[in-house]
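Welcome! Let us learn to read a protein structure together, one feature at a time.

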Amino acid sequence: MKHGFVRAALASLPLLAAYPAQAQDNPASSDPAGDVIVVTPVTLHPAAGLMNEHTHDGGEFMIGLRYTRSSYSGANRAGTRTLSDAEVFAAGYSVRGSDMVMDMVMLDVMYAPNDKLTLMVMPHWMRHTMTMVGIDPGNTGMGDMAMGGMPMGDMDHGHSGMAFGQTMTHASQGIGDTLVSASYRLLDEAGLSAHATMGVWIPTGKVGRKNADGTFVHYGMQSGSGTWDVEPSLTVRGQAGPVGWGAQGAYRWRTEDDNESGFAFGGRFTASAWGSYLLTGTLGATARLEYEHEGQIVGHYNGPHNHAAPPDRQAN
């Protein structure tokens, strides 16, 4: 049975600063040296969560910092169908996720050695927090209660011992995988541009993070993939006055069948389309629509792990 969370919110706060390493000549400039710094309004970029979406002119260098929070909550789902707790329990699970929050901080370092090529390195840090709730109506927890009312056994750290309605929150955090990429300009005309990107994900994130009881965390709570991944993408952008638009397609290919923990995430395809409008010289608005499909996890944890909740199973 497939399983998912309802996405509740996505917030991104990009902080971008671009500095040409070589100033451009401009005879009309009031600068005695005849040099000016040309800055493209960042509000014309789909900066909320999309990577490799722009390039730079030769000699330009950029440092960016982005923070993203994704929040998932509500009933579990199979495809587009909402599942009741009774249905999740009937499928063989005694616990389900009630909400999850993912925080990500990513550093963008970009440099263009010439007008055609832009190089980028993107390390990031992640934190996952998930709350589980017991859904087995036959588990009242009384059998594991000791004198004084303190829970015993694995009720605090293991999923299978959670009483009906009991909640437990656990978290994992750490450095994620690092993206190194090169973007090549295919088209650069007035109002229209296109570039192709080849990215490589370096497995700098850990895939062996565990719960307090020594079992592996849910697959989706690992901070890395544990595999070397290749991600090509194609981006097209346009602009007409204060109006901007664009589209991007990307595929993340896992080059290995498993990682040190015994599994590999499935390939991931994403497609985005966006529109933007520059309201004033310093204020703009962007709307972006995204489609995402990720394949099933291959392999299996090679150490102790739970099977009591849907996110513990690779098929979900």
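What follows is a dialogue between a learner and a teacher about this predicted model.

Q: Where do I begin: how many helices and strands are there in the protein chain?
A: A good start is to list the elements. Here the protein chain has one helix and 17 strands.

Q: How do I read contacts along the sequence, and what share of them join residues at least 24 apart?
A: The idea is to ask how far apart in sequence two touching residues are. Among contacts between residues at least 6 apart in the protein chain, 69% join residues at least 24 apart.

Q: What part of the chain counts as buried, and how much area is exposed?
A: Of its 316 residues, 42% count as buried. The chain exposes about 15,700 Å², and 60% of that comes from carbon and sulfur atoms.

Q: What should I look for among the buried nonpolar residues?
A: In soluble globular proteins, nonpolar side chains tend to be buried together. In this model the largest nonpolar core has 17 residues, and V95, M132, Y219, F263 and Y301 touch the most other members. Strands β6 (95–111) and β8 (124–134) each supply at least two residues of this core. Another core, of 10 residues, lies apart from it; M102, M120, M122 and W201 are among its members.

Q: Which residues make the nonpolar patch on the surface?
A: Look for nonpolar side chains that are grouped on the outside. F61, I63, L65, V105, L107, Y111, W125 and I175 make a patch of about 640 Å². Strands β4 and β6 are the elements that give two or more residues to this patch. Take L65 as an example: this residue lies in strand β4 and is partly exposed, with a relative accessible area of 38%.

Q: How do I read a salt bridge, and which parts does the one between R69 and D103 tie together?
A: Find the two partners, then see where each one sits. The count for this model is 12 salt bridges. In the one between R69 and D103, the closest N and O atoms are 2.7 Å apart. Because R69 lies in strand β4 and D103 in strand β6, the pair ties together parts that are 34 residues apart in sequence. R69 counts as partly exposed at 39% relative accessibility, whereas D103 is buried at 10%.

Q: Which residues do salt bridges with shared partners join into one network?
A: Let us build up to that by taking two pairs. R252 and D177 meet in a salt bridge of 3.4 Å, N to O. R252 lies in strand β13 (residues 243–254) and D177 in the loop between β9 (167–175) and β10 (178–189), so this pair ties together parts 75 residues apart in sequence. The side chains of D229 and R254 also meet in a salt bridge, at 2.7 Å, N to O. D229 is in strand β12 and R254 in strand β13, so they tie together parts 25 residues apart in sequence. D229 is buried, with a relative accessible area of 0%, and R254 is buried too, at 10%. Salt bridges that share partners join D177, D229, R252, R254 and E294 into one network.

Q: Is T227 buried or exposed, and what does its side chain meet?
A: For a single residue, check its place, its cover and its partners. T227 is found in the loop between β11 (192–202) and β12 (229–240). This residue is buried, with a relative accessible area of 0%. A polar contact of 2.7 Å joins its side chain to that of D229. Leaving aside neighbours within four places in sequence, T227 is in contact with residues including W201, P203 and R254.

Key
Residues are numbered from 1 along each chain as its sequence is written. This is a predicted model: local features need pLDDT of at least 70, side-chain atom pairs count only at pLDDT 80 or more; totals for chains, interfaces and linings use all residues. Side-chain values use heavy atoms; hydrogens and water are left out. A nonpolar core is a set of buried Ala, Val, Leu, Ile, Met, Phe, Trp, Tyr and Cys residues joined through side-chain atoms within 4.5 Å. Buried means under 20% relative accessible area, exposed over 50%, partly exposed in between (1.4 Å probe, protein chains only). Helices (H or I, at least four residues) and strands (E, at least two) are DSSP runs, numbered from the N terminus. Contact means heavy atoms within 4.5 Å. Accessible areas come from the Shrake-Rupley method with a 1.4 Å probe; for residues, only the protein chains shown count as cover. Patches are made of residues with over 30% relative accessible area and no salt bridge: like charges are joined within 9 Å, nonpolar side chains (Val, Leu, Ile, Met, Phe, Trp, Tyr) within 5 Å. A salt bridge is a side-chain nitrogen of Lys or Arg within 4 Å of a carboxyl oxygen of Asp or Glu. A polar contact is a pair of N or O atoms within 3.5 Å; within protein, one must be able to donate a hydrogen and the other to accept it, and residues adjacent in sequence count only if both atoms are side-chain atoms.
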